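Work through the exercises below with the sequence and the model side by side, and try each task before you read its solution.

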Amino acid sequence: MEQNACMSLSFSQLNFTLWVVILFMIFSQADSYDPLDPFGNITIKWDVISWTPDGYVALVTMNNFQMYRPIMSPGWTLGWGWAKKEVIWSMVGAQTTEQGDCSKFKGNVPHCCKRIPVVVDLLPGVPYNQQIANCCKGGVVTSWGQDPALAVSAFQVSVGLAGTSNKTVKLPKNFTLLGPGPGYTCGPAKIVPSTVYLTPDRRRKTQALMTWNVTCTYSQLLVSKSPRCCVSFSSFYNSTITPCPSCSCGCHNKKDCIMSNSNKLKSAGINTPRKDNAPLLQCTHHMCPIRVHWHVKINYKDYWRVKIAITNFNYKMNYTQWTLVAQHPNLNNVTQVFSFDYKPLVPYQSINDTAMFYGMKFYNDLLMEAGPFGNVQTEILLKKDKDEFTLGQGWAFPRKIYFNGDECHLPPPDAYPNLPNSAHSDCFRFLTTSTCMFLLVLLII
């Protein structure tokens, strides 16, 4: 009996342990799963294009397959650990941040002798003999949804003291990717079918001697437990503004913030980014680097109009190739977008309630640091679905907002702008009489 009791106890403990492991796996994967971009990742591909007397030459290509998450300035940083005692003889299109101890080499000295090299992209304008295709952009990579042709970065590396055949080469391990800060988790390198290339005249195919891939996924929780942006609301039918909640992004920067009228802002170099990418925020009650404001502007008979403004409160950051994603049921009927580029996101073909907005090239694709020029804005004209449209119960406001792939903190639903009363609600909903039109004009003015 005692033995049976012990066995049943051990089985129950085993079941409990298994459940704990399963739940841990589910929640750890959920942290990096993005329901709006379920297949988004950054894939790093190594193509061995030639063998050398003591190693190989590889073309390393980084493809950003994320629909709305770009890699901004100061760009990506890629690291890995060598499986043996490899060294980097030379690089084209990128460089390591440190050379390491190469004292044992006589004559030719390697570019890098570190066991864990850290690689960064070259800056624009380097000499042509240091460039290859898709390199030298300061590590800035556009999201796949904005422009697939610019969502790629590449460099060439010559590796020595390595294998000289498919059977003797050892794959690098423990890949890390900063883009530019933490947030990405990289899996192990896996050998895949060799990449096939077309010659410039497209009449001949060549292929890499060996290819392996590394896949990196993003988790906002790895970056910060606090949001990095917030959302405020207003409407033409309500005189009050629903602000971002206090300390939306945490108030840990409250001691170091600067008032908008401070004389410190006149100091030289105040806008120069720091090496650790630490922000210098304007003092606000929400303490967020980015605020997105959604304003329900006009209600026509068959259409309604929304104004969106994005404001930067970080004095140290210019947001390059920024993106804004909004989720709202009426975004399936976007008629016209002013001042921004627009693209619907349809990760699930049967649901079309998500839209991506981004700046127009050479116009507003650069969101300047905090100050008078630190904002961009647009207006959206949407066609009504009479069976769904209403201005009541907060329906006119977005369900979710993302800036550069990070989910923003929304106000609580009970704080949304409300209609003055039910009589006005019917008026604003249908606008079929001259009285309603008159009231609407007064409210807009």
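The exercises that follow go from the whole chain to single residues.

This is a predicted model, in which local features need pLDDT of at least 70 and side-chain atom pairs count only at pLDDT 80 or more, while totals for chains, interfaces and linings use all residues. Residues are numbered from 1 along each chain as its sequence is written, and side-chain values use heavy atoms, with hydrogens and water left out.

**Exercise 1. The whole chain**

Task: Describe the helices and strands of the protein chain and state what share of its residues counts as buried.

Solution: Begin with the secondary structure, where helices (H or I, at least four residues) and strands (E, at least two) are DSSP runs numbered from the N terminus. The protein chain has four helices and 26 strands. Next, take burial, for which buried means under 20% relative accessible area, exposed over 50%, and partly exposed in between, with a 1.4 Å probe and protein chains only. Of the 445 residues, 46% count as buried. Finally, turn to contacts, meaning heavy atoms within 4.5 Å: among those between residues at least 6 apart in sequence, 71% join residues at least 24 apart.

**Exercise 2. Two residues of strand β19**

Task: Determine whether Val-325 is buried or exposed, and find what Val-325 and Gln-327 touch.

Solution: First place the residues: Val-325 is in strand β19, and Gln-327 is found in strand β19, which covers residues 323–327. Val-325 counts as buried because its relative accessibility is 0%, and Gln-327 is buried because its relative accessible area is 15%. Then list contacts, leaving aside neighbours within four places in sequence. Val-325 is in contact with several residues, including Leu-36, Tyr-68, Thr-354 and Lys-400. The contacts of Gln-327 include Leu-36, Thr-354 and Lys-400. As a last step, look at Val-325 and Lys-400, which are 75 residues apart in sequence and 8.1 Å apart in space, C-alpha to C-alpha.

**Exercise 3. A residue in a loop**

Task: Find where Leu-123 lies and decide whether Leu-123 is buried or exposed.

Solution: Leu-123 lies in the loop between β6 (118–121) and β7 (152–160). Leu-123 counts as exposed because its relative accessibility is 59%. Not counting residues up to four places away in sequence, Leu-123 touches Cys-136 and Gly-138. The C-alpha atoms of Leu-123 and Gly-139 are separated by 7.8 Å, although these residues are 16 apart along the chain.

**Exercise 4. Backbone details in loops**

Task: Identify which residues are joined to Pro-74 and to Pro-180 by a cis peptide bond, and then examine the phi angles of Cys-247 and Ser-339.

Solution: Start with the peptide bonds. Ser-73 and Pro-74 are joined by a cis peptide bond with omega about 10°, and Pro-74 is in the loop between β2 (55–64) and β3 (77–81). A cis peptide bond with omega about -10° joins Gly-179 and Pro-180, and Pro-180 is found in the loop between β8 and β9 (184–186). Now consider phi, which for Cys-247 is near 55°, a positive value in a residue other than glycine. Cys-247 sits in the loop between β15 (238–242) and β16 (290–299), and it is partly exposed because its relative accessible area is 36%. For Ser-339, phi is near 75°, also a positive value in a residue other than glycine. Ser-339 lies in the loop between β20 (334–338) and β21 (340–345), and it counts as partly exposed because its relative accessibility is 26%.
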